[in-house]
Structure formats: structure tokens, C-alpha cells
Amino acid sequence: MSGGALYQESLRVLRRLELPEESERDVLAALEAAQPGPLSLFYEAGAEAGLERDLLTTRGVGLFFSFSAGNLADDLIDGDCTYFDEPSRVGPCVQFLLQNLAWATLAEPRAKVPPLALEEGARLLAQAAGPQALEVRTREWTAPVFRRVAEGIAGKQWAAYLRILWAGTWLEERAVQVGLALGVAAHIAEDIRSKDARFTSMPHGDRLAVVAWGRRAAESLRSQDLRCLDAALRRIEPIIPEVEP
């Protein structure tokens, strides 16, 4: 099994809903826009945690639906939702469907996600969504504002995913710590790589502070000594240490 297998299973789950043809087509477009996304990492992290195949598949698919809903929301906010003819009308419908499908999938008996893990994961995702309102209203970026946004929309999002994925495994106690560091490091690396205004518009000293924070997050991930993080670190580490803000 692999990230690709998780995606194929997500399509089978979608088809079993027996939605109207138009609705299924719209949801499929949102899933395609979100993949591969975190699929490979979901698989690798679940496998390293020792999840049985059915648990890994169900949890991975449910989390991918949640990620896709968030990805769609982000595309709608940024004006990047080019895969719908009428994004402002179709997008919210698809997002609502994906969010509910995510929790229906994660609550299935075969996912075996304890109620506490579902509650904590959902609460972390709600907290992750909060700083989005700050992001869209920010006109002058500073290190403290950047940090608050990154910890929310990236760090807590990944903390939630791993809290649910690793529930009941030997990695459960490390889920939030790893997720926060992964989200932050990946967010900073991507903003540096893409020259996002969140990063480039900050004063020089603030950029240095953010880079140092990103390095510490990456070092924290490396110290976990987990194979599932290797691919992510191979993308993150070459960007953050070598940047010249």
C-alpha cells in the first residue's frame, strides 16, 4: 500500500455515497486538486506507528478528506480555485460535504479512533483555522504575526492529523509535538521557496528570527529519528539552512 492506494480508496468511498453526478464530479475535482498532498506521509507515518492495514487506510482516507476541505478553503480565500466554474457557489458546498465525510470516515468502527482523539483532533483543527482570519487581514508582516499564523494554520493542523493517525500507537504521545514542528518547518520552507510576501515583506531582523525558528523546528524533527519524516526533511532542510534573508 502507498499514498496512491489511499487516494484510490478515497475515490471508492466517494462513489459509495451515490451523490448526484454533478456533485461527485465537483468533489472529485477538489480531491484531485489536493493530491498528492500529505498522502505519502500519512501512509509512511501510519506504517511506522504499526497501524494495521484497515486502520491505516480508513484513518488516512478520513484525514485526506479533511485536508482536501482545508485545501479547498485556502484556494477559495486566495482566489486559486480554478477547478470550479462558479467557485463562490460550488466551493462552499463541496467543502461542507468533505468536512462531514471526513468525520464520518474517521468515526467508522474500523478506524478505531478513540473518541478522545477525535475530540482533540477536531479541536486542534478548529484552533488551526482561527489564525486564517488574522492572515487575510494582515498588511504588515512581522515575526510575531508570522509565528502566530504559522503555528495555527500549519502547526496545529499537522498536530491534529497526527493526533488522530497515531491514536492508540506507540507514537501517540509524540503526535502533537511532531505535528507542530512539522507544520511550522514545512510552512517556513515553502514561504521561503515560493518567496511568499508573508516572509519577503518582513524586516530583515524578523526574517532572521523566522529562519532561526524554522531551523529549530527542523532540528526537533530530525531528533525524533523517525523514518516517516525523512522525505519531508529532505525537502525542508536544504531550504532553511541555506537561505539568505
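Charge is spread with little offset between its two signs: the mean positions of the 27 positive and 35 negative charges of the chain lie 3 Å apart. Here Lys and Arg count as positive and Asp and Glu as negative, with His and the chain ends not counted; each charge is placed at NZ of Lys, CZ of Arg, CG of Asp or CD of Glu. This is a predicted model, where local features need pLDDT of at least 70 and side-chain atom pairs count only at pLDDT 80 or more, while totals for chains, interfaces and linings use all residues. Residues are numbered from 1 along each chain as its sequence is written, and side-chain values use heavy atoms, with hydrogens and water left out.

As for the fold, the chain has twelve helices and zero strands (DSSP runs numbered from the N terminus, H or I of at least four residues for helices, E of at least two for strands). The radius of gyration is 18 Å, close to the 18 Å from the globule rule for 245 residues, so the chain is as compact as a globular protein of that length. That radius is taken over C-alpha atoms, and the rule is 2.2 Å times the number of residues to the power 0.38. The C-alpha trace spans about 55 × 45 × 30 Å along its principal axes.

Half the story is inside: 50% of the 245 residues count as buried (under 20% relative accessible area, with exposed over 50% and partly exposed in between; 1.4 Å probe, protein chains only). Thr138, in the loop between helix H7 (131-137) and helix H8 (143-165), counts as buried because its relative accessibility is 14%.
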